[in-house]
Amino acid sequence: MDIKNAQQEVDNWIKNHGVRYFNELTNMAQLTEEVGEVARIIARRYGEQSEKESDKNKDLGEELADVVFVVLCLANQTGVDLQAAFDKKMDLKTKRDHDRHHNNEKLK
């Protein structure tokens, strides 16, 4: 599924299962909360912090999907065509960073 279709699927879900979009500030707070949940899993599972027993069953994929869902909500309610923005960003990064990382001694 491409991003444009994902945006439409989220919009359809909101219309069919939700009452309405939360306002932008609420969704921004929700996004921060979801990113925090991803950070908690990464810090404990892949970082140096010990993983609590209660965190061992947390699904990283599910938490990342929560982040994507809220990002798509924010894009929809602010009129952002995320597919176009993503394509533009990838083109920019490809042109700007083509040799940059290959020439970075820290990455060798």
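Helix α3 gives the most to the lining of the largest pocket, with four residues. I'll start from that pocket and then go along the helix. Keep in mind that this is a predicted model.

The largest pocket holds about 190 Å³ of space. It is lined by 14 residues, and those closest to its centre are Trp13, Ile14, Phe22, Gln30 and Phe69. By type, the lining has eight nonpolar residues, three polar ones and three charged ones. Three helices each supply at least two lining residues: α1, running 3–17, α2, running 24–45, and α3, running 60–78.

Now to α3 on its own. How far apart are its end C-alpha atoms, and what span should its 19 residues have? The end atoms are 27 Å apart, and at 1.5 Å a residue the expected span is 27 Å, so the two agree.

Next, which residues of α3 are buried? They are Leu60, Glu63, Val67, Val70, Leu72, Cys73, Leu74 and Ala75. Note that a charged residue type, Glu, is in that list, at position 63. As background, an α-helix has 3.6 residues a turn, so residues three or four places apart point the same way. In this model, the buried residues of α3 pack against α1, α2 and α4, the last being 82–97.

Last, the two ends. At the start of α3, a side-chain oxygen of Asp59 comes to within 2.9 Å of the backbone nitrogen of Gly61. Just after the helix, Gly79 has a positive phi of about 75 degrees.

To go back to the opening point, α3 is the main contributor to the pocket lining, with four residues, and its buried residues pack against α1, α2 and α4.

Conventions: Residues are numbered from 1 along each chain as its sequence is written. This is a predicted model: local features need pLDDT of at least 70, side-chain atom pairs count only at pLDDT 80 or more; totals for chains, interfaces and linings use all residues. Side-chain values use heavy atoms; hydrogens and water are left out. On a 1 Å grid over the protein atoms alone, a cavity is a set of points where a 1.4 Å probe fits but cannot get out, and a pocket is an open set with protein on both sides within 12 Å along at least five of seven lines; lining residues have an atom within 4 Å of a point. Grid points are joined across faces, edges and corners, and a volume is the space filled by probe spheres set on the points. The expected span of a helix is 1.5 Å times one less than its number of residues. Buried means under 20% relative accessible area, exposed over 50%, partly exposed in between (1.4 Å probe, protein chains only). Contact means heavy atoms within 4.5 Å. A polar contact is a pair of N or O atoms within 3.5 Å; within protein, one must be able to donate a hydrogen and the other to accept it, and residues adjacent in sequence count only if both atoms are side-chain atoms.
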